[in-house]
Amino acid sequence: METLPNLRNELKQEYETTKKFLSLFPDGKNDFAPHEKSMKMMPLATHLAEIFGWPHFMMTTDNLDFASGDYKPAVLTDKAGLEQLFETEYEKSITTLNSMDEEDLEGSWSMSMGEELIANFSKYEAIRHALNQITHHRAQLGVYYRLLEIPLPGSYGPSADHETF
């Protein structure tokens, strides 16, 4: 069984679901957080949008070293910028996945903080990790929306607010 078509399909499905969530991002709530230890809503949504570019990044690099300072999260201030970043990151990744071969998934990719190894994955495992992170952070955003009385779209089935998904 080839895994690459499945990864492409999963990324596309996560894109479609996340697009519905980001379209609901409320004006004037960038700094909302449900708890002092929680990320503020715009940085959380920005991080979610950026993750859609991870498959591209993971397939075109071998390591992300946070200590090097090469990773600089985007800082956004409005919904239009959020949606544009999301589209751009998705397009980079889907284009990369569409140009790959199955063997490309066998390479190695890691995250580190200088000499400290944080994670070491095959390229396939790294992309799966990114897809899991999308689900995780979109669920967090859903909690923020629920607390703000924003009706939630369905994700993997209907939501309490929408009987279809």
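Student: Say rings of Phe, Tyr and Trp (its six-membered ring) pair if their centres lie within 6.5 Å, with planes under 30 degrees apart called stacked, over 60 edge-to-face and the rest tilted; how many aromatic pairs do we get here?

Tutor: By that rule the count comes to 7 aromatic pairs. Keep in mind that this is a predicted model, in which local features need pLDDT of at least 70 and side-chain atom pairs count only at pLDDT 80 or more, while totals for chains, interfaces and linings use all residues. Residues are numbered from 1 along each chain as its sequence is written, and side-chain values use heavy atoms, leaving out hydrogens and water.

Student: What about F21 and Y145, stacked or edge-to-face?

Tutor: The ring centres of F21 and Y145 are 6.3 Å apart and the planes lie at 15°, so this pair is stacked. It links distant parts of the chain, since F21 belongs to helix 1 and Y145 to helix 5, 124 residues apart (helices are DSSP runs of H or I with at least four residues, numbered from the N terminus).

Student: And is F21 buried or exposed?

Tutor: F21 has a relative accessibility of 4% and therefore counts as buried, where buried means under 20% relative accessible area, exposed over 50% and partly exposed in between, with a 1.4 Å probe and protein chains only. Its partner Y145 is buried too, at 0%.

Student: How do the rings of F52 and F86 sit?

Tutor: Their centres are 4.9 Å apart and their planes are at 85°, so F52 and F86 form an edge-to-face pair. F52 sits in the loop between helix 2 (41-51) and helix 3 (54-60), whereas F86 is in helix 4 (residues 79-98), 34 residues away along the chain. Both F52 and F86 are buried, and together with Y15 and Y90 they make up one aromatic cluster.

Student: Back to helices 1 and 5: what angle do they pack at?

Tutor: Helix 1 (residues 4-22) and helix 5 (residues 123-147) pack at about 20°, with axes 11 Å apart. That makes the two helices roughly parallel, because angles under 35 degrees count as such. Residues in the contact (heavy atoms within 4.5 Å) include L7, L11, F21 and L22 of helix 1, along with I127, L131, L141 and Y145 of helix 5.

Student: Different topic, where does P5 lie?

Tutor: P5 lies in helix 1 and is partly exposed, with a relative accessible area of 35%. P5 and E102 are 97 residues apart in sequence, yet their C-alpha atoms are 9.1 Å apart in space.

Terms used. Axes fitted to C-alpha atoms, helices over the stretch in contact; angles between N-to-C directions. Parallel < 35°, antiparallel > 145°, perpendicular 65-115°, else oblique.
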